[in-house]
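Notebook open, model loaded. I want to go through the sheet strand by strand, then look at a helix and a few single residues.

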Amino acid sequence: MRIGDLFGRREPVFSFEFFPPKTPAGEEALMRAVANLRALQPSFVSVTYGAGGSTREKTIDIVTRIKRDYGIEAMAHLTCVGHDRDEIAAILDRLAACGIENVLPLRGDPPQGETTFVRPANGFGYAAELVRFIRARGHRFSLGGAGYPEGHQECRDLARDIEHLRQKVAAGVDFVITQLFYDNADYFAFVERARRVGIDVPLVPGIMPIVNVAQIERIARLCGARIPTELGERLRAAADDAAAVQAIGIDHATRQCRELLAGGAPGVHFYTLNQSPATAAILAELRR
Ligand SMILES: Cc1cc2nc3c(=O)[nH]c(=O)nc-3n(C[C@H](O)[C@H](O)[C@H](O)COP(=O)(O)OP(=O)(O)OC[C@H]3O[C@@H](n4cnc5c(N)ncnc54)[C@H](O)[C@@H]3O)c2cc1C
């Protein structure tokens with residue numbers, strides 16, 4: 001099933017994102033989360049691509065297993081980091097051979113400690129170039145693209161950033177999944193900017209339920225997401241009480257999702273961090 005074909009139906013498209021674990025115990029935990037979340041009948045799941053090292057190999061394995069063993073549609077992320085064109089071509093051929101029909105082509109982040117992305121020799125400098133390469137090779141994949149409601153960290157000029165997204169979509173992206181955000185006003189303004197420049201594909205909001213204060217502050221800092229003052233204060237006041245933090249996180253994400261769907265969002269992509277309880281609780285609330 002091509003993910004691009006799932007939109008425009010009556011039901012919202014709910015999806016879950018996982019990452020390939022580094023240890024066998026982590027892999028067991030992931031498969032437990034997949035099994036738990038399967039009951040919620042996601043439209044698809046996606047598996048991230050590591051910044052380097054051994055987990056990169058696992059992305060294809062996990063996506064293939066989820067699709068084959070659990071019968072859930074799955075999408076593989078792929079980045080330009082550290083790959084030349086021949087390597088990317090080999091990965092794409094392997095994905096196709098494994099029966100994977102959906103890919104999220106990304107540029108990837110600069111390595112830790114570096115602020116600018118350096119194009120790999122004979123590789124790609126922007127996700128749009130990777131998208132063009134995939135389309136030029138004639139693959140039938142449905143392709144996603146990353147979007148940034150608050151602007152990408154390296155391009156805080158929102159008008160320029162949305163123009164870059166327009167070019168990426170024009171290169172052959174079927175739908176966009178956004179970076180996580182905690183203030184819906186940022187998403188709605190992003191949709192407005194996108195529509196104004198002619199981006200007409202589905203723009204799926206990405207939501208990461210908060211389960212741990214220190215963790216979310218680190219993640220938000222890394223990806224440049226703003227935590228609204230009032231939410232930040234509530235979280236810090238409850239920081240020593242894990243159950244209270246999780247309850248605040250679930251409450252905030254549930255309200256965010258309700259408002260997003262009511263405001264026309266085509267679905268929600270949940271950044272699960274390989275854990276099921278918070279996402280399950282939110283979806284249960286949304287479907288009540
Ligand atoms: C849904 C989602 C999933 C993700 N999954 C992963 C993952 O699995 N693995 C991983 O490592 N990272 C992942 N990331 C993070 C992502 O790799 C980083 O945010 C990265 O810094 C940008 O990737 P991109 O594909 O958005 O890049 P691009 O679309 O290439 O944009 C990168 C920057 O370049 C600018 N730009 C684009 N085109 C041009 C141009 N022609 N001229 C000048 N500037 C330009 C953009 O404005 C932006 O600032 C994900 C992000 C999202 C939102």
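**Entry 1: E1 and E8.** I began where E1 meets E8: the two run parallel and are joined by five bridges. Phe-16 stands opposite Phe-270 of E8. I'm keeping in mind that this is a predicted model.

Next I checked how the rest of the sheet is put together. Eight strands close into a barrel, in the order E1-E2-E3-E4-E5-E6-E7-E8, with parallel pairing. Ignoring direction, neighbouring strands of this sheet are turned by 25 degrees against each other on average. H9 packs on the sheet, where it touches E1 (13–18), E7 and E8, and its direction makes about 170 degrees with that of E7.

**Entry 2: more strand pairs.** I looked at the other side of E1 and found E1 and E2 paired in the parallel sense over four bridges. Glu-17 stands opposite Ser-46 in E2. E7 and E8 are also parallel, with two bridges, and Gly-206 has His-269 in E8 as its bridge partner. For E6 and E7 I noted three bridges, again parallel. There Val-176 has Leu-203 of E7 as its bridge partner.

**Entry 3: which faces of E8 and E2 are covered?** I asked this of both strands. In a regular strand the side chains alternate between the two faces of the sheet. E8 has Gly-267, His-269 and Tyr-271 on one side and Val-268 and Phe-270 on the other, and all are buried. That agrees with the tally for this strand, five of five residues buried. E2 (residues 44–47) is covered on both faces too: Phe-44 and Ser-46 sit on one side, Val-45 and Val-47 on the other, all of them buried.

**Entry 4: aromatics.** I counted seven aromatic pairs. I picked out Phe-14 and Phe-270: their ring centres are 6.4 Å apart and their planes are at 35 degrees, so I logged the pair as tilted. This pair links distant parts of the chain, with Phe-14 in E1 and Phe-270 in E8, 256 residues apart. Both residues are buried. I also found one aromatic cluster made of Phe-7, Phe-44 and Phe-175.

**Entry 5: helix H6.** I moved on to H6 (residues 184–196), which has 13 residues and reaches 18 Å from its first C-alpha to its last, close to the 18 Å expected at 1.5 Å a residue. At the N-terminal end I found a cap: a side-chain oxygen of Asp-183 lies 3.0 Å from the backbone nitrogen of Ala-185. Just after the helix, Gly-198 takes a positive phi of about 95 degrees.

Which residues of H6 are buried? I listed Asn-184, Asp-186, Tyr-187, Phe-190, Val-191, Arg-193 and Ala-194. An α-helix has 3.6 residues a turn, so residues three or four places apart point the same way. The cover over the buried residues of H6 includes strands E5 (142–147), E6 (175–180) and E7 (203–207), plus helices H5 (158–170) and H9 (242–262).

**Entry 6: two arginines.** Buried or exposed, I wondered about Arg-56. Arg-56 is in helix H2 (residues 55–70). Its relative accessible area is 12%, so I put it down as buried. Setting aside residues up to four places away in sequence, Arg-56 touches Tyr-49, Gly-50, Ala-51, Thr-79, Val-81 and His-83. Its side chain makes a polar contact with the side chain of Thr-79 at 3.2 Å and reaches the backbone oxygen of Val-81 at 2.9 Å. Arg-56 and Thr-79 are 23 residues apart along the chain, and their C-alpha atoms are separated by 9.9 Å.

Arg-2 lies in the segment before E1. I have Arg-2 as buried because its relative accessible area is 18%, and the cut-off for buried is under 20%. Not counting residues up to four places away in sequence, Arg-2 touches Glu-101, Asn-102, Arg-140, Phe-141, Ser-142 and Asp-174.

**Entry 7: Gln-275.** My last stop was the loop between E8 (267–271) and helix H10 (277–287), where Gln-275 is found. With a relative accessible area of 41%, Gln-275 is partly exposed. Leaving out neighbours within four places in sequence, Gln-275 is in contact with Ala-33, Leu-37 and Val-211. I also took its C-alpha to C-alpha distance to Ala-171: 34 Å, with their positions 104 residues apart in sequence.

Note on methods: Residues are numbered from 1 along each chain as its sequence is written. This is a predicted model: local features need pLDDT of at least 70, side-chain atom pairs count only at pLDDT 80 or more; totals for chains, interfaces and linings use all residues. Side-chain values use heavy atoms; hydrogens and water are left out. The expected span of a helix is 1.5 Å times one less than its number of residues. Buried means under 20% relative accessible area, exposed over 50%, partly exposed in between (1.4 Å probe, protein chains only). Contact means heavy atoms within 4.5 Å. A polar contact is a pair of N or O atoms within 3.5 Å; within protein, one must be able to donate a hydrogen and the other to accept it, and residues adjacent in sequence count only if both atoms are side-chain atoms. Two strands pair if DSSP finds at least two bridges between them. Axes are lines fitted to C-alpha atoms, for helices over the stretch in contact, and angles run from 0 to 180 degrees between N-to-C directions. Rings of Phe, Tyr and Trp (its six-membered ring) pair if their centres lie within 6.5 Å; planes under 30 degrees apart count as stacked, over 60 as edge-to-face and the rest as tilted.
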